Amino acid sequence: MPEAFVVHREAHIAAPPAAVFALMTDPEKILRWMGTEAQVEPQPGGLYLVNVTGARFARGSFREVVPVHRLAYSFGWDGSEVVPPGSSLVEIDLIEQGGGTLLRLTHSGLPSADQCAGHAEGWAHYLGRLTEVAAGRDPGPDPFYGRT
């Protein structure tokens with residue numbers, strides 16, 4: 001069966017890959033741009049758990065961790081029958097480019113066009129916030145706070 005429901009996103013970030021990697025793997029740094037709680041164990045088999053909006057936990061486990069270059073983790077939502085924990089896959093590559101980082105994200109395994117569109121919106125939003133934090137700016141209060 002062809003993989004029809006995949007989100008692809010790219011972001012150009014004004015920070016080196018090591019700084020971006022830290023913003024995606026250090027729980028305290030994750031909370032600067034996404035979520036209200038984070039527990040991550042960035043090693044194969046390690047836990048990925050982030051309360052993204054203060055009302056919804058994303059849960060999965062790390063599949064691949066190549067420090068400062070690549071992350072891959074299973075992903076889903078606690079309590080969801082549509083996208084349950086660990087049912088999809090997020091892959092992130094960090095490529096040094098022009099004094100900064102090109103972040104390439106692929107989110108595969110989503111079950112429908114609606115889920116693909118919703119996750120595309122979420123990733124665009126949070127990668128925008130990540131870009132702001134990596135550039136040393138405050139992204140302000142998260143307008144997605146409280147979404148379920």
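# Exercises on a predicted model: strands, rings and enclosed space

Strand β2 (residues 37–40) and strand β3 run antiparallel and are joined by four bridges. The model is a predicted one, and the exercises below start from β3 and work outwards.

## Exercise 1. The setting of strand β3

Determine how the residues of β3 are oriented and whether they are buried or exposed, and then identify the strands with which β3 is bridged.

**Solution.** Begin with orientation. In a regular strand, side chains alternate between the two faces of the sheet. In β3, L47, L49 and N51 point one way, while Y48 and V50 point the other way.

Next, consider exposure, for which the cut-off is that a buried residue has under 20% relative accessible area. Five of the five residues of β3 (residues 47–51) are buried, so the strand is largely enclosed by the rest of the structure. Burial therefore applies to the residues pointing either way, since five of five are buried.

Then turn to the partners. On the β2 side, V40 stands opposite Y48, and the hairpin of β2 and β3 has six residues between the strands, with G45 taking a positive phi near 90 degrees. On the β4 side, five bridges join β3 to strand β4 (residues 57–66), again in the antiparallel sense, and F57 is the bridge partner of N51. The hairpin of β3 and β4 has five residues between the strands, and in this hairpin G54 takes a positive phi near 85 degrees.

## Exercise 2. An aromatic pair and its cluster

Classify the geometry of the ring pair formed by Y48 and F62, and state which residues are linked with these two into a cluster.

**Solution.** The structure holds seven aromatic pairs. A pair of aromatic rings is described by the distance of the centres and the angle of the planes. For Y48 and F62 the centres are 6.0 Å apart and the planes stand at 75 degrees, which makes the pair edge-to-face, the cut-off for that class being over 60 degrees.

The second step is to place the pair in the fold. Y48 belongs to strand β3 and F62 to strand β4, so the pair ties together parts that are 14 residues apart in sequence. Both residues are buried.

The last step is to extend the view from the pair to the cluster, in which ring pairs link Y48 and F62 with Y73, F75, W77 and W123. One cluster member, W77, also has the charged end of R56 over its ring, 4.1 Å from the ring centre. Elsewhere, R147 lies over the face of F144, at 3.7 Å from the centre of that ring.

## Exercise 3. The largest cavity and the largest pocket

Establish which residues line the largest cavity, and which residues of the largest pocket lie nearest its centre; give the division of each lining into nonpolar, polar and charged residues.

**Solution.** Start with the cavity. There is one cavity of 30 Å³ or more, and the largest cavity has a volume of about 70 Å³. Its lining consists of M24, I30, W33, M34, Y48, V50, L71, Y73, I92 and W123. The elements giving two or more residues to this lining are β3 and β5 (70–75). Sorted by character, the cavity lining has ten nonpolar residues, no polar residues and no charged residues.

Now treat the pocket. The largest pocket has a volume of about 360 Å³ and is lined by 18 residues, with R56, W77, G118, H119 and G122 nearest its centre. Helix α3 (residues 113–134) gives the most to the pocket lining, namely eight residues. Here the division is eight nonpolar, six polar and four charged.

## Exercise 4. From β5 to β7

Trace the strand pairing from β5 through β6 to β7, and describe the backbone at V68, in the loop that precedes β5 and follows β4.

**Solution.** First take the loop between β4 and β5, where V68 is found. V68 has a positive phi of about 65 degrees although it is not a glycine, and this residue is partly exposed, with a relative accessible area of 27%.

Then follow the pairing. Six bridges join β5 to strand β6 (residues 88–97) in the antiparallel sense, with A72 standing opposite E91 in β6. From β6, nine bridges lead to strand β7 (residues 100–108), also antiparallel, and L102 in β7 is the bridge partner of I95.

Finally, inspect the turn: the hairpin of β6 and β7 has two residues between the strands, and G98 takes a positive phi near 55 degrees there.

Terms used:
Residues numbered from 1 in each chain as written. Predicted model: local features only at pLDDT ≥ 70, side-chain atom pairs only at ≥ 80, totals over all residues. Heavy atoms only, no water. Buried < 20%, exposed > 50% of the residue type's maximum accessible area, 1.4 Å probe, protein only. Pairing = 2+ DSSP bridges. Phe/Tyr/Trp six-rings, centres within 6.5 Å; stacked < 30°, edge-to-face > 60°. Lys NZ or Arg CZ within 6 Å of the ring centre and 35° of its normal. 1 Å grid on protein atoms, 1.4 Å probe; cavity = no way out; pocket = protein on both sides within 12 Å on 5 of 7 lines; lining within 4 Å. Points joined across faces, edges and corners; volume = space filled by probe spheres on them. Nonpolar A, V, L, I, M, F, W, Y, C, P; charged D, E, K, R; others polar.
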